[in-house]
Structure formats: C-alpha cells, structure tokens
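Let's take a walk through this one together, starting at a single residue and working outward. Have the viewer open and follow along.

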Amino acid sequence: MSLFKTYAGLSRDIYYLCLARTINSTGDFVFSLITLVLTLQMGMNVVSAGIFVSMAALISGPGVLLGGYLSDVMGKKTIIVIGQLLSAIMIISCSFWSGTLTVGYLLIAVMFFISITRPAYNALIIQLCTEEKERKSAFSLMYLGANLGIAIGPLIAGFFIKDHVNIVFISIGTVFLISTFIIINQVKIGTRKELASTSSEHAGQQEQQRSSQSPSPLFRLLLKNPLVAFFIVVSFLNYFIYMQYSFSLPLQMNHSFGENGAAYYGSVMTINAISVIILTTVILSATRKLTALNSIATGALFYGIGFGALNLLGTFPHFSIVALSTVLWTIGEILVQTNINLYIASRVPDTHQGRFNGLLLFIGCLGYTLSPYLTGIFIKSMDMESVWIIILAVSLFYALSMIILWYIEKSSTRRNEMKPLDHSKSI
C-alpha cells in the first residue's frame, strides 16, 4: 500500500477528475459496440460493419483537433461537460432506434463527441497541476483509472449486449451523466492555480497568457517550437508500434497456435490488463526521477524487446514466450502513455495546451489508422515472424529520437548558463 503514496498530495480536483474519467471509461468501448450491435443485433455482414467502424475512426481525427481548439477558446472543463452530455444524449437515443441503421450513425456521432473531450482532459490535468512530478502522478492515476474502467465496462456489458442491448445503451449514457455530474460539481477551475501563484511575477505571467488567448495559427506556433513539433511528429511511431497489439498480435496467435489462436489472444489481453493494474504504480514510483523524454525512450526499448521477442515463435511456438512478451511491451505502454503528455505540458502555456494536445492525439489517430495497412504490407511481403524484427527496429529508432531530443535540450540549457529554459514564453 505504500506504493500508493505516490499519488498522495495531488489536489482534490485531480482526484475527482480521475474518478470521473474512470467512471466514464467503463462506457468507453463504442468502437467494439458498433461492430457488435451491427453484426449481432442487425445481422450486418463484417465488411459493411467495418465501414461504420472506419467512419468512426476517421471522424475521431477532426474531433480531437476541434476539441483541442475549443478547449483553449471556451475552457477545458466546458468542453468536457458539453462533449460528455452530448455523448450521453446520443447513446441513450440509440435505445429508441434499436434495430435500425440509425444506431450505427448515432454511435459514430458518439465517437466524435468523445474524441472532443480527450485533449480537454489532458489539458485540464496540466492546468490543475503546477509541477512536472505532480503531473506525472496525475497522468499515471488517470491512465490507471481509465484502464480499470475499460476492463470492467465490456465485461459487464457482454452479459446483456445480445438480448438486452437497450440496457447497455441506457447504462453507458447514465455512466457518462454521472461522470459529467462529478466534473460539474467537484472539479473547480482556478483554485489550484491561485494557490500556486505565490509571486507577482507568476501572476503577471498568467495574465499575459490570458491576454494572448485569441486563436493563433497552429502551424505558426509549431514553427516557433521546432522541438515540440519534432516530438509530436515522431510520436506517430508510438501509436504505430502500440497498434500491433490489436492487429499483428492476433494474426500471430492464429499463425502460431491455429484454432486456439483466439483463446490465446484473449489470454494476452488478460495478462495486459493485469500487468497495467499491478505495474503502473510500481513503475511510476521507480521512474519518478526520470524526465519525460528518458521515460519515453525507456518505454520504447521495452516496446522493442517485448514485440521483438515474438520473432522467437517461428522457432519456439510456446505461449510462455507470448506471456513474457506481453509483460514487457505492457511496461513500455505504461512508460510511454503516462509520460507522452508531460513533454508538451512543460513547454506550452495553458492558453495553447488544448491545441497541442489535440494535435498529438490527431497524430495518434493517424498512427492507429495507418499501422494496420502498413503492417499488412510487411506481412504480405515476408513471413509473419519477420514483422516483429521491423517493429523492433522502429522501436529502437523511436527511443533514439527521444534521446537525441533530450540531448539537444540539455545542450541548450548548458548554453544558457545552466538555467532552465523559460518555456512559457516559447510562443
């Protein structure tokens, strides 16, 4: 239990925000819900259902960009509340059109409004936390809570989705409403910042940021922050690598274990979920003194070792290799996903956090979308196990990119008489 002291000292607002995100994530399986409803309830073929899933994936990209922009202009909490309320209304409405094609379009709209809230959540945590260690704990806690919710939600819904899908729709909508109610009533914007403003200089800096809140061209801001732009672009590799668990890995299970492949893949997902729940707090405690870039680089190495180990299945087709591999790439997942927002957090002022987080999530959508297509080309042109060597190489390149970025920043800091860079004035 002493490990959970790592989360002690966070603001009351952060705890409630993470609680709301945990509750909300129990209904965060709309992608799977689209497929299951259209195929199980309506008897739609897999190809047609796939079109709806692809539409939902594509609409998430513009959603995160719009959500990032609006959270800077209208306020992060406001966008979370609006996005979740609209999601709740849409998904509850599905119960009135159950058994019709309208449900598919409504669920696509739900995905859009959910995606709008994502950059706002990240930007709000950054706004409520004033120090990097605090932010690291907050992002770790939200990541842990979200994974708990994602594990519980589909498990419960699985019992009702075939014969009582309306109960699932109403339950998810209710979950969104409860989460929104917590955010409206318990997350107070401004109190944490007021406590942190201990000097007139800091207060003047905050006032300067507020006065520049008018929208600025995104690409102009990126040009003024080349290191941040480089970080966001290279982050495509993170999402490209991470997507292997849901595309290449099930194919590998079928290739190595035949008709038992699906069962083995289910076991992989169970190992992943248990590892996240057990190891997230341990890893946060062990890496607390590492910078965000060093943590991400370490995580990329674990990605490479974990996924690269699957190449051994060509010679030794034993599930023990898969189990060990899953634990290793899950460690990489924890390190990367809990730190990827921290780099931007300390280099972009509050007035632009939403837009930069939205762009990072948009790059993530591109990574998730292109990864199956590009990996499919690799698999088609070579044997299945050789793909994992490519993923190992990509992971090593990603780790090297983070180390180079860290070295550039460290050298820049030394040139400035060993004083920390004033990143709040970078744009």
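Start with Thr 280, which you'll find in helix 14. Keep in mind that this is a predicted model. Thr 280 has a relative accessible area of 0%, so it counts as buried. What does Thr 280 touch, once its neighbours within four places in sequence are left aside? Its contacts are Tyr 7, Ser 140, Tyr 143, Leu 144, Ser 275 and Ile 334. Also have a look at Glu 333: its C-alpha sits 9.7 Å from that of Thr 280, though 53 residues separate the two in sequence.

Now zoom out to helix 14 itself, residues 261-286. Its 26 residues reach 35 Å from first C-alpha to last, close to the 38 Å expected at 1.5 Å a residue. Where does helix 14 bend? The spot is Leu 279, and the angle is about 45°. Thr 280 is one of the buried residues of this helix, and others on that list include Gly 261, Tyr 265, Val 268, Asn 272 and Leu 284.

Helix 18, residues 353-381, makes a handy companion case. It has 29 residues and reaches 42 Å end to end, close to the expected 42 Å. Helix 18 bends too, by about 35° at Leu 370, and Pro 372 follows within four residues.

Next up is helix 16, residues 319-337. Its 19 residues should span 27 Å at 1.5 Å a residue, and the end C-alpha atoms are 26 Å apart, which agrees. Is helix 16 enclosed or out in the open? Of its 19 residues, 14 are buried, so the rest of the structure largely encloses it.

Helix 16 also leads us to the aromatics. The chain has eleven aromatic pairs. One of them joins Tyr 242 and Tyr 245, a tilted pair with 5.0 Å between ring centres and 35° between the planes. These two partners fall on either side of the 20% cut-off for burial: Tyr 242 is buried at 12% relative accessible area, while Tyr 245, at 21%, is partly exposed. Then there's Phe 307 with Trp 329: the planes are at 10° and the ring centres 5.2 Å apart, so this pair is stacked. Phe 307 lies in helix 15 (residues 292-308) and Trp 329 in helix 16, so the pair ties together parts 22 residues apart in sequence. Phe 307 and Trp 329 are both buried. Those four rings belong to one aromatic cluster, along with Tyr 303 and Trp 388. Elsewhere, Arg 21 lies over the face of Tyr 121, 5.7 Å from the ring centre.

Trp 388 gives us a way to another buried spot, as it is among the residues that Ser 248 touches, together with Thr 375, Ile 379 and Met 384 (residues up to four places away in sequence not counted). Ser 248 lies in helix 13, residues 248-257, and is buried at 0% relative accessible area.

On to the nonpolar cores. In soluble globular proteins, nonpolar side chains tend to be buried together. Here the largest nonpolar core holds 47 residues, and Phe 231, Ile 232 and Tyr 398 touch the most other members. Helix 19, residues 387-415, supplies the largest share of this core, with eight residues. Sequence neighbours within four places aside, the contacts of Tyr 398 include Val 234, Leu 237, Ile 241, Ile 296, Val 336 and Ile 340. A second, separate core has 32 residues, among them Val 81, Ala 120, Ala 138 and Leu 144. Leu 144 should ring a bell, as it is one of the contacts of Thr 280.

One more stop: Ile 91, in helix 4 (residues 76-93). At 0% relative accessibility, Ile 91 counts as buried. It touches Leu 33, Leu 107, Val 110, Phe 169, Ile 172 and Gly 173, not counting residues up to four places away in sequence. The C-alpha atoms of Ile 91 and Val 103 are 8.5 Å apart, with the two residues twelve apart along the chain.

Finally, the whole chain. It has 19 helices and zero strands, and 51% of its 427 residues count as buried. Among contacts between residues at least 6 apart in sequence, 85% join residues at least 24 apart.

Conventions. Residues numbered from 1 in each chain as written. Predicted model: local features only at pLDDT ≥ 70, side-chain atom pairs only at ≥ 80, totals over all residues. Heavy atoms only, no water. Helix = DSSP H or I, 4+ residues; strand = E, 2+ residues; numbered from the N terminus. Expected span 1.5 Å × (residues − 1). Buried < 20%, exposed > 50% of the residue type's maximum accessible area, 1.4 Å probe, protein only. Phe/Tyr/Trp six-rings, centres within 6.5 Å; stacked < 30°, edge-to-face > 60°. Lys NZ or Arg CZ within 6 Å of the ring centre and 35° of its normal. Core = buried A, V, L, I, M, F, W, Y, C linked by side-chain atoms within 4.5 Å. Contact = heavy atoms within 4.5 Å. Bend = angle between axes of the 7 residues up to and from the residue.
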